Amino acid sequence: MCGIVGFVGARQAAPILLDGLSRLEYRGYDSAGVAVVTPQGEIDLRKAKGRLQVLNDMVHGGADLDGCVGIGHTRWATHGVPNSTNSHPHMSEDGRFAVIHNGIIENYAEIKEYLIRQGIHFRSETDTEVVAQLLEFYYNKCHDFFRSVGRVLRRIKGAYALGILCADCPDRMIAARKDTPLLLGFGDGENFIASDVTALLPYTRDVVYMDDGETAILTREGIEVFDPLQQPIEKEHHHIDWDVSAAEKGGYPHFMLKEIFEQPDALSRAISPRIRDGRVVLDDMKLTAEQIRSFDRIYIVACGSSYHVGMVGKYNLEHLTRRNVEVCLASEFRYSDPIVDARSLVIVISQSGETLDTLAALREAKARGAYILAIVNVVGSSVAREADDTLYTFAGPEIAVATTKAYSTQLAVLNLIGLAFGETLGAVDPTEYHEAVTELERLPELARQVLSRCDDIQEYAAANFNHSSVFYIGRNLDYALGLEGSLKMKEISYIHSESYASGELKHGTISLIEDGTLVVALGTCGRLFDKMISNVIEVKARGAEVLALTTESRRDAMARVASTVLTVPDTIDLLLPNLGVIPLQLYAYYVALQRGCDIDKPRNLAKSVTVE
Ligand code: M6R
C-alpha cells in the first residue's frame with residue numbers, strides 16, 4: 001500500500017526521507033508528506049498532493065526542514081480523497097504528535113466520535129488522524145510517550161504500520177506493527193524504519209522485520225524492540241543482498257507473482273472491516289434499505305477481468321437476493337440503448353476507476369436516472385468520484401498489467417453486497433447467511449492454503465507450457481471462473497485460449513478437441529460436480545489432456561477421470577471462485593515464465609485503458 005520511511009541520526013532527516021520515499025514511488029501513490037522534530041522541540045510538517053517532486057520542490061530537497069529525527073510517507077488513499085489534508089503525516093490538534101500509517105484502523109469512526117465529544121477537532125477524513133489525536137488525549141493524562149503509544153495500540157483495531165514523532169521527545173521515534181509490513185534498519189549512529197526494504201538500500205542492509213504486536217523505540221544510539229506486553233525482546237537481524245529491482249518486488253521475480261501472493265492480505269483488508277458480530281455491515285455505502293427494496297433491475301457493468309467478477313457476481317447476487325441481475329460489457333452497454341431508469345441499480349466495477357468504456361457506461365446509466373454503486377480500487381479515481389456510492393476494494397496498488405488481487409477483492413466486495421442486500425430483502429436463508437459470513441472471514445486463510453501449494457502448479461507448468469490452444473470448461477460459477485483463467489492465460493503467455501460453459505461444448509466447440517488438446521476442467525462447485533465429470537469423460541474420449549480443478553473432498557472422484565488434479569480447500573460454493581482463481585493465475589504465470597514472456601508488461605496491453 002502506502003510507503004513509510006523514518007530516520008533518527010545526526011544528519012538532516014528530510015533529504016534522507018525524501019530520497020527513501022523516491023525509492024518507493026514504483027508502488028504508486030497520490031500524495032506525500034514529511035515531518036521532522038526541530039531543534040526547538042516543535043514538529044515541522046509539509047505535505048503535498050501529487051508527485052513526490054511537488055513536495056521535493058516545496059521543501060527544496062528537504063533543506064527547508066531543520067531536524068535530525070523525522071518521518072515520511074507516500075499515500076495511496078483509502079479513507080478520504082487524495083488531497084494534502086488527507087495525506088500523511090497527521091498531527092494531533094496541539095501539534096505534539098505526528099503519525100504516519102499504512103493499513104486501516106477499523107474502529108476509527110467510533111474513536112473519532114468519542115474524541116469529538118471530548119472537544120477534539122479533526123482536520124482530515126482519514127482513519128489515521130484518530131491515532132494522532134488519541135495519542136495526544138492519552139499523553140495529556142500520563143505525559144509518557146511510550147505508555148501513550150501502548151494505550152493507543154490497545155484501543156485501535158485493524159491493521160497498521162506506524163511511525164510516530166513526539167515533540168516532547170526530540171531524540172526518538174516509535175514504530176509499531178500489526179498485519180502490515182514494517183522493518184527496522186540499523187545504520188552507523190543512525191537508524192531507520194521503512195515499509196519496504198527498497199527505501200533503505202543506500203543507507204543500510206542490516207534490518208530486522210517487525211512482527212505483529214511489536215513496538216520499537218529508535219534513537220541515534222540504537223533500537224529497542226518490545227513484545228505486545230511491552231517487554232524488551234531480541235530480534236534476529238537479516239542482511240539484505242538483493243539488488244534494487246529485486247527489492248522493489250519484495251524478492252519476487254515479478255510484480256504479478258508478488259500480487260498473487262498478496263491476495264490473502266488484500267482479502268482481509270476488503271472483508272474484515274465489513275463484518276461485525278457475524279453480520280455484514282457496509283458502513284461505507286450510502287444506499288438505504290428503502291432504496292435497495294425499490295430497485296427492480298440490477299446491472300453489473302465492467303470490462304475485462306472486472307467483467308468476469310460480474311459474471312461470478314450474477315450467479316451469487318441472483319442466488320442471494322432473488323433479483324434478476326444482468327451483466328454487461330461496458331463497451332456494449334453504452335451503445336445498447338439499455339433499459340435503465342430510476343428504479344435501476346447499476347453496479348460498476350473497475351480496479352483503476354479510469355477505464356474509459358466503464359466510465360462512459362456509468363455516465364450513460366446515470367443520465368438515464370440509475371443509481372450507481374461502484375466497486376473501485378483507486379480512491380478518488382473518476383469512477384469513484386462520479387458514482388453515487390463507492391465501495392473500495394483496499395487491494396493496494398496493482399502494478400502488473402494482469403490483474404490478480406484486484407479481481408479477488410472485487411469478488412469479495414460483490415459477495416458482501418450480495419449478503420447485505422439478501423438480508424435487507426429477506427431473500428437469503430438465515431442459516432446460509434451465517435455460514436457465508438463465517439466462510440468469508442476464513443477466506444484469507446483458505447487463500448493462504450491454496451498459495452502454499454504453488455509448487456505443484458509450477459511443476460505442472462514446467463511440463464505443460466507449449467500447447468497451442470487451451471480450453472477452460474466449467475458450469476455455472478466454474479464457467480465464470482474459467483473466463484478469468486482463460487484471460488490470464490492469453491494475456492500473459494500469448495497462448496490462444498477459450499472459455500466455454502461445459503454444456504455448450506457439444507454444440508460446436510468439441511470439434512476442436514483432438515489428441516493432446518489441453519482442457520482445464522473446472523469442477524469446484526458441488527452441485528454440478530457429477531455433470532462436470534461427464535464433461536471430462538467426453539473430452540478425454542476425444543484425446544484431450546485434462547487438468548482438473550476441484551475441492552479436496554472431491555479429489556479422488558476427479559482423479560478417476562482427469563489426467564492431473566489440482567485442489568482448493570472445501571468451502572461454500574459461493575466463495576469457490578475466490579479460491580479457484582489462484583491456481584489459474586499461478587498456472588498462467590508459470591506458463592508465461594517458461595515461455596520467456598514479459599509477464600508484468602504483456603505486449604499490446606496497458607494497465608489502465610483510457611481509450612475507446
Ligand atoms: O481498471 P479496470 O478494472 O476497469 O480494468 C478493466 C480491464 O481493462 C482489466 O481488467 C484487464 O482486463 C486486465 N488486464 C485483466 O488482467
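This report covers the ligand site and one open sheet of a predicted model.

**The ligand site**

The shell around the ligand holds 14 residues. Ser306, Ser350, Ser352, Thr355 and Glu491 are the closest. By class, eight residues of the shell are polar, four are nonpolar and two are charged.

Oxygen atoms of the ligand also meet polar backbone atoms of the protein. Three such contacts are listed here.

| Backbone partner | Distance to a ligand oxygen atom |
|---|---|
| Ser305 | 3.1 Å |
| Gln351 | 2.7 Å |
| Thr403 | 2.9 Å |

How much of the ligand does the protein bury? Taken alone, the ligand exposes 410 Å², and 90% of that is buried by the protein. Two elements each give two or more residues to the shell: helix 10 (304-321) and helix 17 (477-493).

Where does the ligand lie relative to domain 2 and domain 3? Both domain 2 (247-451) and domain 3 (455-594) give residues to the shell, so the ligand lies between them.

**The open sheet**

Five strands form an open sheet. Their order is 24-23-25-26-27, and the pairing is parallel. Strand 24 (496-501) and strand 27 (564-568) are the edges. Each has a single partner strand, so one side of each lacks a neighbour in the sheet. On average, neighbouring strands of this sheet are turned by 20° against each other, direction ignored.

Strand 24 pairs with strand 23 (residues 469-474). The pairing is parallel and runs over six bridges. Ser469 stands opposite His496 of strand 24.

Technical notes:
Residues are numbered from 1 along each chain as its sequence is written. This is a predicted model: local features need pLDDT of at least 70, side-chain atom pairs count only at pLDDT 80 or more; totals for chains, interfaces and linings use all residues. Side-chain values use heavy atoms; hydrogens and water are left out. A residue is near a molecule or strand if one of its heavy atoms lies within 4 Å of it. A polar contact is a pair of N or O atoms within 3.5 Å; within protein, one must be able to donate a hydrogen and the other to accept it, and residues adjacent in sequence count only if both atoms are side-chain atoms. Accessible areas come from the Shrake-Rupley method with a 1.4 Å probe; for residues, only the protein chains shown count as cover. Helices (H or I, at least four residues) and strands (E, at least two) are DSSP runs, numbered from the N terminus. Ala, Val, Leu, Ile, Met, Phe, Trp, Tyr, Cys and Pro count as nonpolar, Asp, Glu, Lys and Arg as charged, and the others, Gly among them, as polar. Domain bounds come from an automatic or database domain assignment. Two strands pair if DSSP finds at least two bridges between them. Axes are lines fitted to C-alpha atoms, for helices over the stretch in contact, and angles run from 0 to 180 degrees between N-to-C directions.
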